[in-house]
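This report describes the overall form and the internal cavities of one protein chain.

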Amino acid sequence: MTTLDKTFEPASAEARLYRGWEDSGAFTANPASNAAPYTIMIPPPNVTGSLHVGHALTMTLQDIFIRFRRMQGRDVLWQPGTDHAGIATQMVVERLLDKEGVSRKQLGRETFLSRVWQWKAESGGTITQQLRRLGASPDWARERFTMDEGLSAAVREVFCTLHDQGLIYQDKRLVNWDTVLQTAISDLEVESRETKGSMWHIRYPVEGGEEIIVATTRPETMLADTAVAVHPENEKFKHLIGKLVTLPLTERRIPIVADEYADPEKGTGAVKITPAHDFNDFEVGKRHNLPMPSMLDRQGRIMLAELGELPEFVRGLEGKDRFAARKEIVAELEARELLVEVKPHPHAVPHGDRSGTPIEPLLTTQWYCNAEVLAQPAIRAVESGRIKFVPQQWENTYFAWMRDIQPWCISRQLWWGHRIPAWYAPDGKVFVARNAEEAQAKAGPGVELTQDEDVLDTWFSSALWPFSTLGWPEKTPELDKYYPTDTLVTGFDIIFFWVARMIMMSLHFMDDVPFRTVYIHGLVRDEKGQKMSKSKGNVLDPLTLIDAYGTDALRYSVAAASGQGRDVKLGAKIVETNRGFITKIWNAARFLEMNGVKPNPAFKPEDAKLPLCRWILDATERAVTQATEALDGFQVGAYAQTCYHMVWGDFCDWFIEFAKPGFASGDAAEIRDTAAYVLGVLLRLMHPLIPFVTEELWDHFGYGAEYSLIAAPWPGEIAVNDAETARREVQWVIDLISEIRTVRSEMNVPPSLKSPVLLQDAAPATLARAEAWFEAISRMARASEIGPLTGTPPKNAAQAVLGEATIILPLEGLIDLDAERKRLAGALAKAQA
């Protein structure tokens, strides 16, 4: 057998090992096996995406759980796939067309869609290739795409069923309208930006000669005002409720209504109500049965068709951009002495997260899903504990949203996505059907039908992910075995948009929960704890980190930092430091190999006689117990720490150091066998965390066939003969050496100088133990001799207590006592100050 290279080279090893696992079928689920299933559904990354640090965290966590359960003998399915990402993908392809000087509209729908599919075939696999670099081990043969034929059939089935049940319907309501992308977008795609705006105070004349002053941040929308609202208890305005005002510029007469939405403490206490252009005003409009005319078109330009007869000035605004019109309206109000004052008013303005344009609330006819009905069983599933959130506090976030859930707008004015399966007859009658033939049969022969132009919100198909990927609506062996799934691992930012909707849809169509545990992890932040953003220039590329330090170092870094619910701090320096752990494991393995350590299948831990060997076997078993408990409890950070302390501390710093002379003694055989046995257990223990270096060492030492660690059994109980005695003995030696090292370090004793060690009041058993372990104590604590104190303690000695004994280190001749006294006096003065 060739000896291990001086260093582990991730660049050459990782691709080879990954290929070996994949080719060996290690990632493959087997529905026919009798093994108990364990299933995780990958949160499908956008097909446009490339690997970012958020993926590095979530996919590492999932892979740790998957590898752990696989080694426990479960039939593991980690279901991979990507999301078609409606808006994002359409934008990517439209930008490419822009460079060719051609627009989507010029191409037409069919040609454009063929270009998107072409783009997906050429560039859509980037993210899945990058996940392989991370060591992720899903069942790639089962990879799905939210717009593949099977998933599309599931989407049509769900839409038609919910429509038949009255839970999907058309309605005219306000939506977030993106004037650049020309589509409704979800709340998730809206970001609030702090804007230096103004508050305009405008005089509205009231019948009978009075006036009421309203304050607004959007004077242009006054063209479509249909009321002024005041609080019913507002003494200042009580007498005006029910009277009419003349709307400035348009000369329309509108009522003053009493509504608690008008806050007497804000602005002037009177607010203009524009139901077609503000979400709060829309609700006021519904309560008071107000008309809801629109004054902006879909491009954000002034539109007057719904406003009736208008004076010349207002007619002149037709077709002008909303912000240009604002300036003209404000100037005209000023000229007519209707503008009372303008105050600077910083406020949050909703913008489209992709287009960057201010979002316009727009009254349009869209398709809606009655989320309130679907939410009730989903709320009960979490209340009853059928689904558990880890950490539990995220249940509160879930409940807050679910108990106040609004109708879900599911239509989007895009071309890329699942086209809505609804067809219109010339008279406007709608036929919802699974396909055109079914729609025609419903409409009758000879009726010309046109399919709805809109597509479904991307989250609609994602909501079906836990069961559509397993073959639903067909009854498949996969659905039978792997549903419900076990664990969902995701970030808190999509609890509403994805987690809640999967629970709603799954309970409705599968009559069971989609998963039993939702493990919510934090965000990845930079080393200072700041959120990563391009503008700050602190965004990390995980692939750059992998190239520099290896995948295992990156995986260890994110896992070790991922306390439950805690954000993860990550930086190149952190990953570089943690690469030291990988190096430590490699160096330890090289040292053992040079000392003839190799697996002995005949070795039985219970036969170990030496206290050192019994101690390390017992420590290993305790580490296995702790690691297993941590992973069972979703404490990935604790699992990583257990691996670190066991390997770096107990195994490398203590066992190997103690064992060094033993390799050349009469005890060499037991020490070698124990070292090999423990190394084998530790490689299995750490494999889910750092799969590449562990597999490389496992294969090299011959613990199993090539690429077999991934499928090796998870370590279990280790029988150790009289573990308690060995534990007490070795722990005492470790504590003694540690105390002596601490004292020497504090007293600045040069490492080159050895010192005697005296034990005061030590029991005979303690003295015997010190004598038995003298070689190690001498070598590792720089002790020239160790024995009982006879007579009075020497002057100028340092002391420490260990058990019943006091450790005394004479310092005469080892250090400059005057210099040490000065140092201590200085430290004392500083402490007193």
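How much area does the protein chain expose, and what share of it do carbon and sulfur atoms supply? The exposed area is about 35900 Å² (Shrake-Rupley method, 1.4 Å probe), and carbon and sulfur atoms supply 50% of the about 35900 Å². The model is predicted: local features need pLDDT of at least 70, side-chain atom pairs count only at pLDDT 80 or more, and totals for chains, interfaces and linings use all residues. Residues are numbered from 1 along each chain as its sequence is written, and side-chain values use heavy atoms, with hydrogens and water left out.

The radius of gyration (over C-alpha atoms) is 36 Å, well over the 28 Å of the globule rule for 833 residues, so the protein chain is more spread out than a compact globule. The rule is 2.2 Å times the number of residues to the power 0.38. Of the 833 residues, 55% are buried, that is, under 20% relative accessible area (1.4 Å probe, protein chains only).

Searching the whole structure gives two cavities of 30 Å³ or more. A cavity is a set of points on a 1 Å grid over the protein atoms alone where a 1.4 Å probe fits but cannot get out; lining residues have an atom within 4 Å of a point.

| Cavity | Volume | Lining residues, among them |
|---|---|---|
| Largest | about 50 Å³ | Ile585, Phe651, Met686 |
| Second largest | about 30 Å³ | Asp178, Glu189, Arg354 |

The lining of the largest cavity has eight nonpolar, no polar and no charged residues, whereas that of the second largest cavity has three nonpolar, two polar and four charged residues. Ala, Val, Leu, Ile, Met, Phe, Trp, Tyr, Cys and Pro count as nonpolar, Asp, Glu, Lys and Arg as charged, and the others, Gly among them, as polar.

How values were computed. On a 1 Å grid over the protein atoms alone, a cavity is a set of points where a 1.4 Å probe fits but cannot get out, and a pocket is an open set with protein on both sides within 12 Å along at least five of seven lines; lining residues have an atom within 4 Å of a point. Grid points are joined across faces, edges and corners, and a volume is the space filled by probe spheres set on the points. Buried means under 20% relative accessible area, exposed over 50%, partly exposed in between (1.4 Å probe, protein chains only).
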